[in-house]
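The following exercises are meant to be worked through with the sequence and the coordinates side by side. Each task is followed by a solution that proceeds step by step.

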Amino acid sequence: MREDEIVRVKEKWNDKDRYIAPLLTGLQSTLKNFFSKNLTVEYPDERREVSDSWRGLHELVRDGNDNLLCVGCGLCASICPAEAISLVPYEDEEGNRYPEEFVIDELRCIFCGFCQEICPRGALRMSKVYDFVDYERKDFLFDLEKLRDPQRFQYRENKTKLRKLLG
Ligand code: SF4
Ligand code: SF4
């Protein structure tokens with residue numbers, strides 16, 4: 001392009017339509033939001049309450065005596081579209097049934113909630129824990145012990161451990 005083809009536009013800094021009006025609009029918006037209620041929370045120190053129908057990490061429900069309600073019928077494993085549940089049922093001499101082993105692979109799970117819905121005993125539910133984090137795949141295999149109390153694994157509880165790992 002030749003020099004004489006270049007059109008140079010000179011703008012005044014105090015052009016009211018180009019600079020002052022948008023600046024005032026921006027300031028107005030800033031001031032309005034500065035004094036309004038925060039929409040964000042300081043996660044993970046603050047957490048939003050999620051809906052009761054939230055589908056987070058699984059939990060095996062216990063009765064008042066700390067016994068699992070699960071009778072190891074296997075319905076949850078059979079309905080699971082992701083084949084994320086495996087269990088070994090056991091029956092004692094008095095005919096009581098319970099799972100000897102129960103593992104849910106939380107990385108395979110698609111959190112559809114079918115397992116919770118089909119359970120005839122209400123023994124398996126999906127908790128509100130939505131932010132379990134870890135570094136190894138094996139840690140996402142939730143066994144009987146972990147499934148008893150998934151609340152222990154939400155991010156807030158793991159924070160110290162993670163900070164240590166991250167240095
Ligand atoms: S929520 Fe769905 S995918 Fe996850 S374990 Fe239950 S049935 Fe399987
Ligand atoms: S959690 Fe429910 S559906 Fe699954 S094995 Fe136990 S009793 Fe059966």
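## Exercise 1: A loop residue and its surroundings

Thr-40 is found in the loop between helix 1 and strand 1. The model is a predicted one, and the solutions below should be read with that in mind.

**Task.** Decide whether Thr-40 is buried, partly exposed or exposed, and state how far its C-alpha atom lies from that of Ile-6.

**Solution.** Begin with the neighbour count: 7 other C-beta atoms lie within 10 Å of Thr-40. A residue counts as exposed if that number is 12 or fewer, and Thr-40 is therefore exposed. Turn next to the distance: Thr-40 and Ile-6 are 34 residues apart along the chain, and their C-alpha atoms are separated by 48 Å. The loop that holds Thr-40 is also the place of Pro-44, and the peptide bond from Tyr-43 to Pro-44 is cis, with omega near 5 degrees.

## Exercise 2: Helix 1

**Task.** Compare the expected span of helix 1 with the distance between its end C-alpha atoms, and state how many of its residues are buried.

**Solution.** Helix 1 comprises residues 16-34, which makes 19 residues. At 1.5 Å a residue the helix should span 27 Å, and because its end C-alpha atoms are 25 Å apart, the two values agree. As to burial, the count of buried residues among the 19 is zero, so that helix 1 is hardly covered.

## Exercise 3: The sheet

**Task.** Establish the order of the strands in the open sheet, identify its edge strands, and find the residues that face one another across the pairs.

**Solution.** The sheet is made of three strands in the order 2-3-5, with antiparallel pairing. Strand 2 (85-91) and strand 5 (141-142) each pair on one side only and are the edge strands.

Consider the pair of strand 2 and strand 3 next: seven bridges join these antiparallel strands. Ile-85 stands opposite Ile-104 in strand 3, and Val-88 stands opposite Glu-101 in strand 3. The hairpin of the two strands has five residues between them, and in this hairpin Gly-95 takes a positive phi near 85 degrees.

On the other side, two bridges join strand 3, residues 97-105, to strand 5, again in antiparallel fashion. Here Ile-104 stands opposite Phe-142, while the bridge partner of Asp-105 is Leu-141. Ile-104 thus has a facing residue in strand 2, namely Ile-85, as well as Phe-142 in strand 5.

## Exercise 4: The core and the two ligands

**Task.** Which residues have the most contacts inside the largest nonpolar core, and what are the classes of the residues around ligand 1 and ligand 2?

**Solution.** The largest nonpolar core has 18 residues, and those with the most contacts inside it are Leu-60, Cys-76, Ile-85, Ile-104, Cys-115 and Leu-124. Among these, Ile-85 and Ile-104 are the residues that stand opposite each other in strands 2 and 3. Leaving aside neighbours within four places in sequence, Cys-76 is in contact with Ile-85, Cys-115, Ile-118, Cys-119 and Leu-124.

Now take the ligands in turn. Ligand 1 is surrounded by 14 residues, of which Cys-80, Cys-109, Cys-112, Phe-114 and Cys-115 are the closest; by class, this shell has 13 nonpolar, one polar and no charged residues. Ligand 2 is surrounded by 13 residues, the closest being Cys-70, Cys-73, Cys-76, Cys-119 and Leu-124, and its shell divides into 10 nonpolar, two polar and one charged. The core residue Cys-115 is thus among the closest to ligand 1, and the core residues Cys-76 and Leu-124 are among the closest to ligand 2.

## Exercise 5: Positive phi angles and a further loop

**Task.** Describe the backbone and the exposure of Asp-66 and Phe-111, then place Ser-127.

**Solution.** Asp-66 has a positive phi of about 70 degrees although it is not a glycine. It belongs to the loop between strand 1 and helix 2 (75-79), and with 7 other C-beta atoms within 10 Å it is exposed. Phe-111, likewise not a glycine, has a positive phi of about 55 degrees; this residue lies in the loop between strand 3 and helix 3 (114-118), and with 17 C-beta neighbours inside 10 Å it counts as partly exposed.

Ser-127 lies in the loop between strand 4 (124-126) and strand 5, and is partly exposed, with 18 other C-beta atoms within 10 Å. Beyond its neighbours within four places in sequence, Ser-127 is in contact with Gly-56, Leu-57, Glu-59, Pro-150 and Gln-151.

Definitions and conventions
Residues are numbered from 1 along each chain as its sequence is written. Chains are lettered from A and ligands numbered from 1 in the order in which they are written. This is a predicted model: local features need pLDDT of at least 70, side-chain atom pairs count only at pLDDT 80 or more; totals for chains, interfaces and linings use all residues. A nonpolar core is a set of buried Ala, Val, Leu, Ile, Met, Phe, Trp, Tyr and Cys residues joined through C-beta atoms within 7 Å. A residue is buried if 20 or more other C-beta atoms lie within 10 Å of its own, exposed if 12 or fewer, and partly exposed in between; C-beta atoms are placed from the backbone. Two residues are in contact if their C-beta atoms, placed from the backbone, lie within 7 Å. Two strands pair if DSSP finds at least two bridges between them. Helices (H or I, at least four residues) and strands (E, at least two) are DSSP runs, numbered from the N terminus. A residue is near a molecule or strand if its C-beta atom, placed from the backbone, lies within 6 Å of it. Ala, Val, Leu, Ile, Met, Phe, Trp, Tyr, Cys and Pro count as nonpolar, Asp, Glu, Lys and Arg as charged, and the others, Gly among them, as polar. The expected span of a helix is 1.5 Å times one less than its number of residues.
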